[in-house]
Structures are given as C-alpha cells and as structure tokens.
Amino acid sequence: MTYARILGTGSYLPEKVVTNDDLAQIVDTSHEWIYSRTGIRERRIAAEGQTTCDLAEQASRAALAAAGCEAGDIDLIIVATTTPDRIFPSTACLLQERLGNRGAPAFDVQAVCTGFIYALATAEKFLRSGSAQRALVVGAETMSRIVDWNDRSTCVLFGDGAGAVVVGMDEEFGIISSHLHADGTYKDLLTVAGGVSEHPEILRNGGAHILMRGNEVFRMAVTTLDNIVEEALAASGLDRKDVQWLVPHQANTRIIGATAKRLGMSMDQVIVTVDRHGNTSGASIPLAFDVAVRDGRIRRGDTVLMEGFGGGFTWGSILLRY
Ligand code: UT7
C-alpha cells in the first residue's frame, strides 16, 4: 500500500496586525464581543497591492524548502482560493510562473473555507493514480478584499494568509481517508453575491462583499462537523483515541470546541490559530498545520484529522498519518 504523504509545510502571514480594539475604531464593536463570540484577538491584513499570489508564493517557498524540493520537481500545483488575483488565469498559474515551474498542470479549487481539504484530496487522487509524483497544494486568501469594512457582523471575522504543503508518495505513512461534500441549497447563507455572470454590476460597483447569516451557519457547522468526525472514523476503522491532533478550519473557537468534545479530545490536542489569524478561509487549515509542525507539536507518525466547513455549503475531512 502506498500513501500520499505530506513531505513539507510552509505558511505566510502579512505583516500588518489588526486588533479587535483597532476594529472598534472603525465599526460599533468591542474586544469583549469579538473575543467572547469567536475567540479572535487579532488578524493579519495584506498590504495595499499585496495579492493572494504574493502570500501563496511565500508559503510555497517555505513548504518546498521544508520538503527539500525545487520548484522544478513539482508536477502538480493546486491552489485553494476564494480571492484569486484575477478572474483568469488561475492563481495556480500565476504561482507557477513565480516559482519558475513550467509545464506542470496548475489549477485553482473554489470551495471557500473547505478549499484546502478539497485541494489536498484532489492532489491525493492524482498521486495515488500515478498521474503525479509530487504536488504543491496551497490555501491562500486575501479575505480583506471581499469584506465590507462597514459591516460589523462580518468584518471582525476574517483575515489574510497562506499555507502550503508538498505531497509525495510514501510506503508507510500519509493520507488514510478523505471525504468531500457539498449542498448548494444553502448557497445564500454565506455568499458574496455579485460576480462575472450573475449581478456583474455589483462587482463593477465594488459591492462584492461577504454576506453571512451567522447564526444559521453556526448551527449547521456544528452539526455537520460532528457527522464528519463520525464518517472519518468509520471509514478508517480508527477509534477516537487513535487521533492525536485535530486541525480544524479556524472560524470560531466555540465551533472548534464542540468538534473536539465530540472526539473526546482535550483542547491541548486541537490546533487553534483563530485567535491570532481570524478566519482566513481556505488558508486556515494549512496555516494551522504548519504552525503546529514548526512548533514541534505535530510530529512524524502522528495521526491528524483535518476538517473544514464553508460557503456552498461545502464540508470535508482528511485523516492522515503525518
Ligand atoms: O468560515 C465559514 C464558516 N463560518 C462560520 O462558521 C461562522 C459561524 N457563525 C459564527 O461564528 C457566529 O454566528 C458569529 C460569531 C458570526 C456571530 O455570533 P452570534 O452569537 O451568532 O451573534 P448574532 O449574529 O446572533 O448577533 C448577536 C448580536 C446582534 O445584536 P441584536 O440583534 O441581538 O441586538 C448583532 O447585531 O450581536 C450583534 N453584533 C455585534 N455586536 C458587536 C453582530 N456583530 C457584532 C459585532 N460587535 N462585531
């Protein structure tokens, strides 16, 4: 049996830190409200002109170095993003050019906050089928560009950043199971209305902003993530106690805590970065994963459950032995 294994990780955060107190200068909010409802203390915001591809490039270079690879060794590039630099070409193509790779297939995946799970599961299928040997999988976002900075119910939640992994085949360790889901009937609960084809006037007028019915999203997220945990454990034949680390999508510490409880995990086994990063959508899982690999918590051989939930709705999990 061979597995698609993460060979190296990297991440990048823009320099500018925006605290809850900073936001209280812009909209009618407070540190107490934001922190108690979400667990967020601060987030990073991209500099003017700094793009999703800029963040992706830094994270990718770090992941390539950690994996001991050159860009030319990569034969598949997938970028999960909801905030691409351009409508086209894909951010993956822009990233490929930056890294100096030529010829490898490169494409974006759009599954909002579940994007990285979708991208990594897709890469795994390319690798397992023999269509690729070494993949670069990135989650990168500049959510600050699609936030309405006058809307206190959403602008306090999001941040910018990127995370990346290099994946290759291994005889012993790697991705054990992956599960992807979507249900488009929930399209209006969490959306940016306005795009190229539907309501292009919203895009032209600069009004393409995140709209979220937070309470309803919250309830769905908790129930769905419970089911994801059960699904991953049942498919892998593993027991709750076999999972050492939970790397969840970082939207809200209350949602993360509910999933950890379901797994019977203490919060010491859960990688939480939402306090410092906010919700970076498709970047949040690889960012959190890289933080925990680099600070020595997640070690080679550890069993890790990644799970995500986001607009669409989309949701999914990846269970892996790192
Ligand atoms: O990443 C994809 C998945 N996304 C999520 O999982 C997000 C899920 N949702 C959530 O995390 C939570 O629903 C929020 C953190 C977004 C909101 O928390 P909530 O406890 O559901 O609050 P709420 O939306 O029900 O709002 C409660 C009150 C409202 O005031 P009234 O109507 O009770 O007077 C809001 O107007 O809080 C008010 N409010 C605020 N007050 C101060 C909303 N935003 C703010 C704010 N500061 N920033």
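The following dialogue explains how terms are applied to a predicted model.

Modeller: The model is predicted, and local features need pLDDT of at least 70, side-chain atom pairs count only at pLDDT 80 or more, while totals for chains, interfaces and linings use all residues. Residues are numbered from 1 along each chain as its sequence is written, and side-chain values use heavy atoms, with hydrogens and water left out.

Colleague: Which residues come nearest to the ligand, and what makes a residue near?

Modeller: A residue is near a molecule if one of its heavy atoms lies within 4 Å of it. There are 23 residues around the ligand, and T29, R37, N215, N252 and N279 come nearest.

Colleague: What makes the approach of N215 to the ligand a polar contact?

Modeller: A polar contact is a pair of N or O atoms within 3.5 Å; within protein, one must be able to donate a hydrogen and the other to accept it, and residues adjacent in sequence count only if both atoms are side-chain atoms. A polar side-chain atom of N215 lies 2.6 Å from an oxygen atom of the ligand, so this pair is a polar contact by the definition. For W33 the distance from a polar side-chain atom to a ligand oxygen is 3.2 Å. For H249, a side-chain N or O atom is 2.9 Å from an oxygen of the ligand.

Colleague: How much of the ligand does the protein bury?

Modeller: The ligand taken alone exposes 960 Å², and the protein buries 73% of that. Such areas come from the Shrake-Rupley method with a 1.4 Å probe; for residues, only the protein chains shown count as cover.

Colleague: Which helices supply the shell around the ligand, and what makes a run of residues a helix?

Modeller: Helices are DSSP runs of H or I with at least four residues, strands are runs of E with at least two, and both are numbered from the N terminus. At least two shell residues come from each of α2 (31-38), α6 (152-155), α8 (214-236) and α9 (253-262). Helix α8 gives the most, with 4 residues.

Colleague: From which domains is the shell drawn?

Modeller: Domain 1 (3-172) and domain 2 (176-321) each provide at least three residues of the shell. The bounds come from an automatic or database domain assignment.

Colleague: Why is the pair R213 and E216 called a salt bridge?

Modeller: The term requires a side-chain nitrogen of Lys or Arg within 4 Å of a carboxyl oxygen of Asp or Glu. The closest N and O atoms of R213 and E216 are 3.0 Å apart, so the pair qualifies under this definition. Side chains of opposite charge can pair when their charged atoms come close. The whole structure holds 16 salt bridges. Among them, K241 and D239 meet at 3.6 Å, N to O, and D275 and R276 meet at 3.8 Å, N to O. A network of salt bridges links D54, E57, R61 and R98.

Colleague: Are K241 and D239 buried or exposed, and how do you know?

Modeller: Buried means under 20% relative accessible area, exposed means over 50%, and partly exposed lies in between (1.4 Å probe, protein chains only). K241 has 70% and is therefore exposed, whereas D239 has 36% and is therefore partly exposed. In the pair of R213 and E216, R213 is partly exposed at 43%, and E216 is partly exposed at 31%.

Colleague: What makes helix α11 mostly covered?

Modeller: Helix α11 (residues 284-294) has 11 residues, and 9 of them are buried. The buried residues include I285, L287, F289 and V293. Just after α11, G296 takes a positive phi of about 85 degrees.

Colleague: Is S281, in the loop between α10 (274-277) and α11, buried or exposed?

Modeller: S281 has a relative accessible area of 1% and is therefore buried. S281 has a positive phi of about 50 degrees although it is not a glycine.

Colleague: Why is G264 called exposed?

Modeller: G264 has a relative accessible area of 61%, so it counts as exposed. G264 lies in the loop between α9 and α10. E70, in the loop between α3 (52-67) and β4 (76-80), is exposed at 57%.
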